[in-house]
Amino acid sequence: MVVPSLVAVTTLAPSSARTGAGLAVTAMLCVQVGLAVSVGLFDRLGPTGTACLRLVLAGVLLLAIGRPRPSAFTRRSLLACAGLGTVTAGLTILFTEALARIPLGTASALEFLGPLGVALVRGRGRARGWAVLAAVGVVLLTHPWSAGLDPAGVAFALAAAACWAGYILLTQRVGDELTGLTGLAVSMPVAGLVAAGVAGPDLLAHLDGPTLLSGLGIALLLPVIPFSLELLALRRLTTAAFGTLMSLEPAIALAVGLVVLGQVPTPAAAAGVAAVVVAGIGAERTVART
């Protein structure tokens with residue numbers, strides 16, 4: 001194996017970081033669109049049923065696209081894929097259940113404790129500072145201190161945060177050991193199987209042709225495209241930089257609300273947007289993985 005010189009690494013790293021940041025932001029945009037169009041299925045399938053349909057169809061799609069060969073896997077990589085699939089199912093189902101009980105902004109703030117925790121624990125030097133600034137921005141954006149929250153909703157969101165932290169770490173491990181979408185072609189079917197074990201019987205009773213078509217489109221937007229982009233982004237970024245970049249998502253959601261729904265942000269929310277944008281820029285400038 002040819003080891004690049006220090007000069008070559010220094011030259012390529014900023015470009016790699018910018019590419020990774022662009023992939024991560026695109027993934028977040030896909031997530032927001034996917035969540036928006038998913039709402040129409042909640043009345044028919046419920047939050048867990050909608051999450052299950054997305055994961056099952058995504059698993060089928062990625063299995064067909066990736067066509068993983070058994071010879072490509074070691075025992076370690078296969079276990080990592082299984083673990084990634086399990087936390088993916090947990091993240092998806094738990095967060096949708098949280099949304100059914102507490103406001104979206106509050107649920108998002110609580111869920112972001114996962115990636116921010118990864119950034120704080122794994123970061124070094126300035127990376128930890130950007131993570132702290134992003135955490136302040138998330139709090140300003142979402143006001144998680146609001147009273148009267150459903151305890152079950154809070155518990156679901158915190159459990160989703162733990163799954164998201166595990167998802168980040170396991171996605172990086174899978175990306176390090178397997179090329180292309182091979183890892184996702186195994187982890188996503190595992191996620192679909194786990195989700196089907198939770199919601200399968202109830203889901204089958206409410207499925208019809210139009211619902212399946214809607215679910216297929218949503219599965220592409222969330223999670224097939226964004227999860228694939230995140231896998232590629234994590235090959236170019238540190239986990240600290242990636243975790244901080246993901247804090248841009250509340251700001252993206254706020255911008256979509258302003259443009260599409262006419263929801264004017266409060267001064268505190270605007271300050272939160274500024275904080276997470278600055279943190280995102282700082283994370284993008286963090287040295288890429290070498």
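# A guided tour, starting at E177

Select E177: this residue is partly exposed, with a relative accessible area of 31%. Keep in mind that the model on your screen is predicted.

**Stop 1: a salt bridge between two helices**

Stay on E177 and show its side chain together with that of R76. What do the two side chains form? They meet in a salt bridge, with 2.9 Å from N to O. Now look at where the partners come from. E177 belongs to helix α6, and R76 belongs to helix α2. The two residues are 101 residues apart, so this pair links distant parts of the chain. Is R76 buried or exposed? R76 counts as exposed, at 57% relative accessibility. The cut-off for that label is over 50%, which is why R76 gets it and E177, at 31%, is called partly exposed.

**Stop 2: S77**

Next, select S77, which sits in helix α2, residues 75-99. How much of S77 is accessible? Its relative accessibility is 2%, so S77 counts as buried. Buried means under 20%. Which residues does S77 touch, once neighbours within four places in sequence are set aside? The contacts are E177 and L178. So E177 appears again: it contacts S77, and it shares a salt bridge with R76.

**Stop 3: the other salt bridge**

How many salt bridges does the structure hold? There are 2. You have seen E177 with R76. For another, select E97 and R101. Their side chains meet at 2.7 Å, N to O. E97 is buried, with a relative accessible area of 15%. R101 is partly exposed, at 35%.

**Stop 4: along α6**

Color helix α6, residues 151-177. Pick L169 in this helix. L169 is partly exposed, with a relative accessible area of 34%. Now draw a distance from the C-alpha of L169 to the C-alpha of P115. It is 9.5 Å in space, while the two residues are 54 residues apart in sequence.

**Stop 5: the nonpolar core**

Now go inside. The largest nonpolar core has 72 residues. Which of its members touch the most other members? Select W164, Y167, I168, M188, L237 and F242. Helix α1, residues 6-66, gives the most to this core, with 15 residues. In soluble globular proteins, nonpolar side chains tend to be buried together.

Zoom in on M188. Leave out residues up to four places away in sequence, and M188 touches L55, A58, G59, L62, T88, P223 and F227.

**Stop 6: two helices with bends**

M188 is one of the buried residues of α7. Others include L184, P189, G192 and L203. Show helix α7 as a ribbon, residues 184-204. How far does α7 span between its end C-alpha atoms? It spans only 25 Å, whereas a straight helix of 21 residues would span 30 Å. Look at V198 for a bend: α7 turns by about 65° there. A proline, P201, follows within four residues.

Then move to helix α8, residues 209-234. It has 26 residues and reaches 36 Å from its first C-alpha to its last. That is close to the 38 Å expected. Where is the kink in α8? Select A219, where there is a kink of about 35°. The proline P223 comes shortly after that point. P223 is also among the residues that M188 touches.

**Stop 7: a loop residue and two cysteines**

Jump to R67, in the loop between α1 and α2. R67 has a positive phi of about 40° although it is not a glycine. Is R67 buried or exposed? R67 counts as exposed, at 66% relative accessibility.

Now select C30 and C163. C30 is buried, with a relative accessible area of 14%. C163 also counts as buried, at 14%. How many disulfides does the structure hold? The count is 0. A disulfide is a covalent bond between the sulfur atoms of two cysteines.

**Last stop: zoom out**

Show the whole chain as a ribbon. How many helices and strands are there? The protein chain has 11 helices and 0 strands. Of its 290 residues, 48% count as buried. Finally, think of contacts with a separation of 6 or more: residues 24 or more positions apart account for 89% of them.

Definitions and conventions:
Residues numbered from 1 in each chain as written. Predicted model: local features only at pLDDT ≥ 70, side-chain atom pairs only at ≥ 80, totals over all residues. Heavy atoms only, no water. Buried < 20%, exposed > 50% of the residue type's maximum accessible area, 1.4 Å probe, protein only. Contact = heavy atoms within 4.5 Å. Core = buried A, V, L, I, M, F, W, Y, C linked by side-chain atoms within 4.5 Å. Salt bridge = Lys/Arg side-chain N within 4 Å of Asp/Glu carboxyl O. Expected span 1.5 Å × (residues − 1). Bend = angle between axes of the 7 residues up to and from the residue. Disulfide = S-S within 2.5 Å.
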